[in-house]
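Me: I have a structure open in front of me and would like to work through it step by step. Could we discuss it together?
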Amino acid sequence: METFAIRVNEADSVFMEFVGMIADVLGDDDAPETLRHQVLQLAVVFTCSISQLSPGAYLLRRDLFPCIARVITSPDTQRFTFEASLLLSLLANFHKSDAAKLNPYIQRIRDTQDIKLMCKICWAAGFALDAAVKAYQEISDDSIPTFAKSFGALLTSLRPDRALAGQPLDPPRELFKNQPIEATVSLLSVFEFLYFNPLFAQVLLDMIPSPDSKPSDSKHSARVSPLAYNILSLSSYVLTHASSSASSRTLAYANLSLNTLLVMSENTRIMSVFCKPASSKEAIRLCRQRLPLLPVPSPTRAPVCALLDCCVLWLRHNLHKRFEVYTFTTCIWTCHRVIWYLQKERMRLEYDWLELWKAVVGLLGFISGKLDSLITTGGIERLVQETIRLLDLALRRADLFLPTPTALHEFIYEVVRSSAVIRKQLLLLQSLGQSTSADRGASLRSDSVSKALARVLSTIAYYEGKLSSAGIHSAKDAFRIVSKDIERNSLHDTHDADDTDPPQHAEDVVSFIRIACADGLALMP
């Protein structure tokens, strides 16, 4: 403060004059565009450099929201929307955890009804996230092979010098250590509006073309997918490569991405659109840069399938000793919310469900097998509890959201096949529960989970009894016996339980501000 004000007792007047200058120039439509842009960049540099230090409080004393909104909505300065929306999200995150009620920008974001402002923010974020996706793709081409490409690869493999070439491998992880690019920070402004402002979800959805709509002639639509689709696409890349370097930056972006998906899954307006078939003209391209690859999707499948695929990618590729418990819990909450919505609306979703079941069981197996060596900040018990809740809900309501008898048979067989892993959770929860404080909320949650696990184990025991009495000799025989029993007697023990609306778990991403400031500063000249 002495650097700016020379003397500390003059800091108030100096800093308030500085903030006043920012407000006056940004809000002056008659000021030269270049000057307004330079002052906007200066404000971003100052805010990023100050981060959470005390001089940032001066930016809260005068409400800059009107002048920032004017920059975004004015035809002369709308091309500066990226920097303006970044500044707004940085200001909204100043000491958010302990001074949210004192931060005027949070209230402004929550209360604004300016559709034009939100559309411009979506427009700028769409371009930024599209560039972030392309940055991943430039490192490794993961496009789905066409016939011509496959035929060309076959001919290449027949060359004498390629005869001994091995099968395709994952690209080296260090290639992705600098991803995502800094422009991905625009996802923060999207999250803030999506989390705080109910109207923003409709703005986001209005950008998605209906399946029967005609192609738009605008250059923007020809080059950039709708923002909602770009969020799903980018999330798939971020979540696939989050632990490539295991840096705090990549993991912070993974956490932001999954929290954005969770907010989407808890919004019934978004889910009602995401569960409908998509337009084949606006395909959602997901990451295919690490093995095992996701199944090749149908071009018209519902966008919620891509959301579930993002969860599968996180569950598959981030089981490491440095275990991000909170992010895994967010992932499980997202899956639970999607399945709960589907069963409530009686929607049978055409999706490769087996990939999800394997990933969820794989998570439980990893935790029970590696618990003693995991580096965490706690929360393992809650994660296991929420995962059991997910399996219990899916078992009890499987016939309401799974699309075919085969999908139902595969799910039950996968659960029965994984009985050893699921039984270990009983002992694991007992051991973890002994070391936790016995508050009432934790006790009620533990009791509820005990009942859920008992229902899952009861179903497993029933089908294991059938398999034991049949004297099976192969996995194929076991699957056939399980399938026949379900067809003859329907799903066993679809116990009734309290199926009131689950609580919303989405939380504000307070810890991301440090990464946002660093990336915002890197983007400035």
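Me: Which residues is Leu87 in contact with, leaving aside its neighbours within four places in sequence?
Reply: In this predicted model, Leu87 is in contact with Leu40, Ala43, Val44, Thr47 and Ile68, leaving aside neighbours within four places in sequence.

Me: And where is Leu87 found? Is it buried or exposed?
Reply: Leu87 is found in helix H6. Its relative accessible area is 1%, so Leu87 is buried.

Me: How far apart are Leu87 and Ser189?
Reply: In sequence they are 102 residues apart, while their C-alpha atoms are 9.1 Å apart in space.

Me: What about helix H3, how many residues does it have?
Reply: Helix H3 has 18 residues, running from 33 to 50. From its first C-alpha to its last it reaches 26 Å, close to the 26 Å expected at 1.5 Å a residue.

Me: Which residues of H3 are buried?
Reply: Among them are Leu40, Ala43, Val44 and Thr47, which are also contacts of Leu87. The buried residues of H3 also include Arg36, His37 and Phe46.

Me: What comes just after H3?
Reply: Ser51 comes just after H3 and takes a positive phi of about 55 degrees.

Me: New topic: where is Thr77?
Reply: Thr77 is in the loop between helix H5 (65-73) and helix H6 (81-92).

Me: Why does Thr77 count as buried?
Reply: Thr77 counts as buried because its relative accessibility is 0%, and buried means under 20%.

Me: What does Thr77 touch?
Reply: Not counting residues up to four places away in sequence, Thr77 touches Arg36, Arg70 and Val71. A polar atom of the Thr77 side chain lies 2.7 Å from the backbone oxygen of Val71. Arg36 is one of the buried residues of H3.

Me: Let us step back to the chain. How many helices and strands are there?
Reply: The chain has 26 helices and 0 strands. Buried residues make up 52% of its 525 residues.

Me: How much of helix H20 is buried?
Reply: In H20, 15 of the 17 residues are buried, so this helix is largely enclosed by the rest of the structure. H20 covers residues 380-396, and its end C-alpha atoms are 24 Å apart, which agrees with the 24 Å it should span at 1.5 Å a residue.

Me: And H17, how many of its residues are buried?
Reply: H17 is mostly covered, with 14 of its 15 residues buried. Helix H17 (residues 303-317) should span 21 Å, and its end C-alpha atoms are 22 Å apart, which agrees.

Me: Which residues touch the most other members of the largest nonpolar core?
Reply: They are Leu64, Phe274, Phe323, Trp353, Phe411, Ile412 and Phe512, in a core of 173 residues. In soluble globular proteins, nonpolar side chains tend to be buried together.

Me: What does Phe274 touch?
Reply: Its contacts include Leu205, Met264, Pro303, Val304 and Leu307, not counting residues up to four places away in sequence.

Me: Last topic: how many disulfides does the count come to?
Reply: The count comes to 0 disulfides. Cys335 is in none, and the nearest cysteine sulfur, that of Cys311, is 3.8 Å away. A disulfide needs sulfur atoms within 2.5 Å, so that pair does not qualify.

Me: Is Cys335 buried or exposed?
Reply: Cys335 counts as buried, at 0% relative accessibility.

Notes: Residues numbered from 1 in each chain as written. Predicted model: local features only at pLDDT ≥ 70, side-chain atom pairs only at ≥ 80, totals over all residues. Heavy atoms only, no water. Helix = DSSP H or I, 4+ residues; strand = E, 2+ residues; numbered from the N terminus. Buried < 20%, exposed > 50% of the residue type's maximum accessible area, 1.4 Å probe, protein only. Expected span 1.5 Å × (residues − 1). Polar contact = N/O pair within 3.5 Å; in protein donor to acceptor, adjacent residues only side chain to side chain. Contact = heavy atoms within 4.5 Å. Core = buried A, V, L, I, M, F, W, Y, C linked by side-chain atoms within 4.5 Å.
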